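Colleague: I would be grateful for a close look at a single part of this protein, explained in connected steps for a first-year student. Please set that part in the context of the whole chain afterwards.

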Amino acid sequence: MGDYLLTRKCIFIHKNSSMGLAEISIQRKIQEGDIKEFEQLFKKYYEPLCHYANGIVRDMDVAEEIVQDLFYSYWKNRTSLSIQLSLNAYLYRSIKNNSLS
């Protein structure tokens, strides 16, 4: 199928992406509704993303809201997301974009 891998549930991941096998597995499990995998992702990234957002917006309450909104949106749209780089890059880029808007 060209430059793409077709995984279960029609998740497209570019072969040349920087997502490792572990990230692909995490993403697939979350897209299939694995709440425990999502909780682990949340626990791993929540605090660092809050600090990153706080560095942009200079208000921890607003930063936490931005991060919570991101994770809510991520879970809600998990079946249709197409992450091209890495989960880490996706999360931080999303926080940056949401913090600047």
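Modeller: The side chain of S86 has a polar atom that lies 3.0 Å from the backbone nitrogen of A89. In this model, which is predicted, S86 belongs to the loop between α3 (60–76) and α4 (87–100). Is S86 buried or exposed? The relative accessible area of S86 is 10%, and a residue counts as buried when this value is under 20%. S86 is therefore classed as buried.

A second loop residue may be examined in the same manner. R58 is located in the loop between α2 (35–57) and α3. The backbone of R58 has a positive phi of about 60°, although R58 is not a glycine. For R58 the relative accessible area is 68%, and the term exposed applies to values over 50%. R58 is therefore classed as exposed.

These two loops may now be placed within the whole chain. The protein contains 4 helices and 2 strands, and their order from the N terminus is β-β-α-α-α-α. The protein has 101 residues, of which 33% count as buried; S86 has that status, with its relative accessible area of 10%. The surface that the protein exposes amounts to about 6,500 Å², and 51% of this area comes from carbon and sulfur atoms. Finally, one may consider contacts between residues at least 6 apart in sequence: 57% of them join residues at least 24 apart.

Technical notes:
Residues numbered from 1 in each chain as written. Predicted model: local features only at pLDDT ≥ 70, side-chain atom pairs only at ≥ 80, totals over all residues. Heavy atoms only, no water. Buried < 20%, exposed > 50% of the residue type's maximum accessible area, 1.4 Å probe, protein only. Contact = heavy atoms within 4.5 Å. Areas by Shrake-Rupley, 256 points an atom, 1.4 Å probe, with all protein chains shown as cover. Polar contact = N/O pair within 3.5 Å; in protein donor to acceptor, adjacent residues only side chain to side chain.
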